[in-house]
Amino acid sequence: MARKKLIAANWKMYKTPQQAQAFARAFRPLISKTRHEIVLCPPFIDLAALGAALRGTKIKLGAQNLFWEPEGAFTGEISAAMLKAAACSYVIIGHSERRQFFGETDDSVNRKLRAALQAGLAAIVCVGEQLAEREAGKTEAILQRQCEVGLRSVPADHARRIAIAYEPVWAIGTGRTATPEIAAAAHLHIRDQMTRIFGGEAAARMRIIYGGSVKPENAAALMAEEEIDGALVGGASLDPKSFAAIVNH
Ligand code: PGA
């Protein structure tokens, strides 16, 4: 089954609207020939400016988070409908930094995912084990729990709008990448979970992408693995040349 690769930039808390626009100007001509699906996920405050700078291109816009309620007295939060109105087609859910610093759980991931899908967004759901969990041999159990709870009660016909990002926490921002073999083994395990949840046909179409210190130097080897359907890129996505080199790996 040939799956279109998904390569997403997670800018985290970097770039002002002006900097986002400058990125778009420099980046657009560098990837004009790509056949992959490209998504840029800037801070909320940049969505309008970046959306305008990407108009007329195939590059998609994504957010890094959302709240599950449609509207209400939730100071500081942003709804799925607001993201749609800001021209987002994607949203990242359950990034390990949100789990670590902002109290997100598999349960909140599930509520956010269902709200995003219901609003018509596509979601990149992040899963991944911490170093101590890997060393204790718990990687598979952790991934299974994150998938089972995170995707609970999601109808199978929404599966095509879900990508899973396998991001081992020990590889994020550390310069320490999972080897292609380690990543591919985790991806296989995640696809087994998707098969159990959604059935084989839907699971075979889902993209499972890798994140954690993806760089121009390691992108080709990672994405040569049949089970690695793309990348979620943090640090190396902030520079247009470096992110373009990953896209054109
Ligand atoms: P990194 O971040 O590429 O800087 O390791 C990846 C991520 O957090 O999504």
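Modeller: Buried means a relative accessible area under 20%, exposed means over 50%, and partly exposed covers the range in between (1.4 Å probe, protein chains only). This is a predicted model, in which local features need pLDDT of at least 70 and side-chain atom pairs count only at pLDDT 80 or more, while totals for chains, interfaces and linings use all residues. Residues are numbered from 1 along each chain as its sequence is written, and side-chain values use heavy atoms, with hydrogens and water left out.

Biologist: What makes Asp46 a buried residue that has no salt bridge?

Modeller: A salt bridge requires a side-chain nitrogen of Lys or Arg within 4 Å of a carboxyl oxygen of Asp or Glu. For Asp46, which is buried, the nearest side chain of opposite charge is Lys15, 8.0 Å away, and no salt bridge is found. Asp46 sits in the loop between β2 and α2 (47-54), and, leaving aside residues up to four places away in sequence, it touches Tyr14, Lys15, Thr16, Pro17 and Ala20, where contact means heavy atoms within 4.5 Å.

Biologist: How do you know that β1 and β2 pair, and in which sense?

Modeller: Two strands pair if DSSP finds at least two bridges between them, and strand β1 (residues 6-10) and strand β2 (residues 37-41) have 5 bridges in the parallel sense. Within this pairing, Ala8 stands opposite Val39 in β2. The barrel is closed by 8 strands in the order β1-β2-β3-β4-β5-β6-β7-β8, with parallel pairing, and the twist from one strand to the next averages 25°.

Biologist: Why is the pair of Trp11 and Phe23 called edge-to-face?

Modeller: Rings of Phe, Tyr and Trp (its six-membered ring) pair if their centres lie within 6.5 Å, and planes under 30 degrees apart count as stacked, over 60 as edge-to-face and the rest as tilted. The whole structure yields 7 aromatic pairs. One of them joins Trp11 and Phe23, whose centres are 4.8 Å apart and whose planes meet at 70°, which places the pair in the edge-to-face class. Trp11 lies in the loop between β1 and α1 (17-27) and Phe23 in helix α1, so the contact ties together parts that are 12 residues apart in sequence.

Biologist: And what makes the pair of Phe27 and Phe243 stacked?

Modeller: The ring centres of Phe27 and Phe243 are 5.4 Å apart and their planes stand at 25°, so this pair is stacked. Phe27 belongs to helix α1 and Phe243 to helix α11 (residues 240-247), so parts that are 216 residues apart in sequence are tied together. Both Phe27 and Phe243 are buried, and with Trp11 and Phe23 they form one aromatic cluster.

Biologist: How do you know that Glu37 and Arg207 form a salt bridge?

Modeller: The closest N and O atoms of Glu37 and Arg207 are 2.8 Å apart, and the pair therefore meets the limit for a salt bridge. Glu37 lies in strand β2 and Arg207 in strand β7, so the link spans parts that are 170 residues apart in sequence. Both Glu37 and Arg207 are buried.

Biologist: Why is Arg152 called partly exposed?

Modeller: The relative accessible area of Arg152 is 40%, so it counts as partly exposed, and Asp107, at 36%, falls in the partly exposed class as well. Arg152 and Asp107 form a salt bridge, with their closest N and O atoms 2.9 Å apart.

Biologist: What makes Arg191 buried?

Modeller: Arg191 has a relative accessibility of 8%, so it counts as buried. Glu227, with a relative accessible area of 14%, is buried too. The side chains of Arg191 and Glu227 meet in a salt bridge (3.0 Å, N to O), and a network of salt bridges links Arg3, Arg191, Glu227 and Asp229.

Note on methods: Helices (H or I, at least four residues) and strands (E, at least two) are DSSP runs, numbered from the N terminus. Axes are lines fitted to C-alpha atoms, for helices over the stretch in contact, and angles run from 0 to 180 degrees between N-to-C directions. Lys and Arg count as positive and Asp and Glu as negative; His and the chain ends are not counted.
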